[in-house]
Amino acid sequence: MKFPGSVLVSLILFVAETAAALCLSGAYRAAGDRMWQWLTLLFALLPCALVQLSLVFIHRDVSRDRPLVLLLHILQLGPLVRCVEVFYIYFHAGRVEEPYVSITKKRQMPKDGYSEEIEKEVGQAEGKLCTHRSAFSRASVIQAFLGSAPQLTLQLYICVLQQEITAARSIFMVLSLLSIVYGALRCNILAIKIKYDDYDVSVKPAAYLCIFMWRSFEIATRVTVLVLFSSVLQIWTLPVVLVNFFGFFFYPWILFWQSKSPFPENIEKALSRVGTTIVLCLLTFLYAGINMFCWSAVQVKLNDPDLINKSQNWYRLTVYYMLRFIENAFLLLMWYVYKTDIYLYVCAPLLVLQLLIGYCMAVLFMLVFYQFCHPCKKLFSSSISEGLLSCFKFLCFICKPPKSTVLMDKAEMKSENTDEAWSSSKTIDSQKGNPHQSVSSNA
C-alpha cells in the first residue's frame, strides 16, 4: 500500500499558509493597515470554507451520522481530522482480515503495440485511502487557485506599493507560491488519471520535475505581470481581470448550450436540480480561477457524464499559450509606458525581457513534459511536436489570403502590364508613321 505522502503535503501547506496569513493580518492590524488586514483574512478564510465543503461533499458526510466530524469541519479543522483518519487507516491496514475485497481491472501501457489487462484486488482500507487522496488533491487545487493565487498577488502588490519586503511577507509569499505550484501539479496528475482511467498510470520523478518547473515559471511570471500592470493602471485592472475570469467562466456553459444536451442529473443522487446547478457553477468558478493564472490541464465539459473533456486538444493548448503570451506582452508594454517614479531604480527593459523569457521557459518545460515525460505519451494519437506543427500550419492557412484574391491580383497586374505595353507600342508606331512630327518636336 502506497504511503499517503500527498495528503501530508497538502495538510502542511494548508496549515502553514493559514497560520502565516493570520500572523500577517495581525501585523497589518498593528501597523494600522485595516484594508490590507481584511483582504488578507478574506483570501485566507474563503478558500478554507470551500475546502471544508469539498471534503464534506466528496465523503458524503451530510448523509452519514457523523455530527462530530461535521462540527470539526465547521470549526475549519476538517483537513486535520481527515489526515488523522488517513494515517490511522494506513497504519492499521493488514492487521485485521477484511471481509471482502473488490477487483479492479487496469490495462498496462502498450508495449510493442500490445496492452495487457491486469486484475488487482483492492481492499476496503486501500479504497478508503484512494478516496482520501482524491479528496485532498481536489482540496489542494481549491486552496491554490481560490486562495493562494489571489493572496500572492495581493502581497506582492503591497510590496511594490510600500517598496519594502519584510521577512514575514516574504515567507508568506514563498508558501503561497509553493501552494499554487503544488495545486497545479495535482491538477495535472488528476487530469491524467481521469483521462486514462482504464490504464495503470505511473508518474516518474522526471515528470514531476518537469511539471514543477513548468508551473513555477508560468505562475510566477503571470502574477508578476498582473502586479506590475495594476501598480500603474489601477483603473484598468478590474476590466482585465473580469474579462479573463468571466470569459473562462462562461466558456463551458456556451459549449453546453450549443450542444443542446440535457441538463446533467447524475452528479449526486441526493442533489436537487438547484443543488446540481450550484455544484456546476462552483466547478466552472474554479475552472475560471485556474485559467486566470495558468493553463487548466482539466478541461470542463458539462455535457459529458464525467464533466471532463478526455480528448487531447493540441489546438486549444496552442491558442491559449499564444493569446496569454500576447496578453502578458501587452500588459508589460502598458506598464513600461506608464511606469511611475517607484520604478526609478529598476531597469525596465531588462525586467520585461526576463519576464518574457520566463514565460517562454514555462512553455519549454511544458513541451518537454508532453514530448518525453508524459506517463501516457504512448496513447497519444499524435505527439506534441506533430500537434503544434499542424496548429501552426492551420494558423498560417487562416492568415494566408485566399487563392481567388491572389489570382485576381495577378490578373490585374498582368492586364496593367499588357495595357502599358500596348500604349507604348502604339506611341512608337505613331512616331514611325509621322516622322516630320517627331523632327519638329525635336527641333
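In this predicted model, the charged end of lysine 339 sits over the ring of tyrosine 336, at 4.2 Å from the centre of that ring. A second contact of this kind involves arginine 215, which lies over the face of tryptophan 214, with 4.1 Å to the ring centre.

Aromatic rings also meet one another in this structure. A pair of aromatic rings is described by two quantities, the distance of the centres and the angle of the planes. The count comes to 20 aromatic pairs. One of them joins tryptophan 253 and phenylalanine 256, whose ring centres are 6.3 Å apart and whose planes make an angle of 85 degrees. This pair is classed as edge-to-face, because planes over 60 degrees apart are given that name. Both residues belong to helix α8, where they are three residues apart, about one turn of the helix. Are these two residues buried or exposed? Tryptophan 253 has a relative accessible area of 9% and is therefore buried, since the limit for that class is under 20%. Phenylalanine 256, with a relative accessible area of 7%, is buried as well. Elsewhere, ring pairs join several residues into a cluster that consists of Phe248, Trp295, Tyr320, Tyr321, Phe325 and Tyr359.

Helix α8 appears again when one turns to the second largest pocket, which has a volume of about 790 Å³. The pocket is lined by 27 residues, and those closest to its centre are Phe43, Pro150, Thr153, Val241 and Phe293. Which helix supplies the largest share of this lining? Helix α8 does so, with seven residues. The helices that each supply at least two lining residues are α2 (34–59), α5 (124–162), α7 (205–232), α8 (234–259) and α9 (273–293). As to chemical class, the lining has 22 nonpolar residues and five polar ones, while charged residues are absent.

The UniProt record, an unreviewed entry, offers a further way to read the chain. It places the feature "transmembrane region" at residues 35–58, 70–91, 167–185, 235–256, 277–298, 318–338 and 350–372. Two of these spans may be examined in the model. Residues 350–372 are 100% helix and 0% strand, and their end C-alpha atoms are 32 Å apart. Residues 277–298 are 77% helix and 0% strand, with 20 Å between the end C-alpha atoms.

The same unreviewed entry assigns the annotation "signal peptide" to residues 1–20. In the model, this stretch is 80% helix and 0% strand, and its end C-alpha atoms lie 34 Å apart.

Key: Residues numbered from 1 in each chain as written. Predicted model: local features only at pLDDT ≥ 70, side-chain atom pairs only at ≥ 80, totals over all residues. Heavy atoms only, no water. 1 Å grid on protein atoms, 1.4 Å probe; cavity = no way out; pocket = protein on both sides within 12 Å on 5 of 7 lines; lining within 4 Å. Points joined across faces, edges and corners; volume = space filled by probe spheres on them. Helix = DSSP H or I, 4+ residues; strand = E, 2+ residues; numbered from the N terminus. Nonpolar A, V, L, I, M, F, W, Y, C, P; charged D, E, K, R; others polar. UniProt positions renumbered as here; feature names shortened; annotations may be inferred. Phe/Tyr/Trp six-rings, centres within 6.5 Å; stacked < 30°, edge-to-face > 60°. Buried < 20%, exposed > 50% of the residue type's maximum accessible area, 1.4 Å probe, protein only. Lys NZ or Arg CZ within 6 Å of the ring centre and 35° of its normal.
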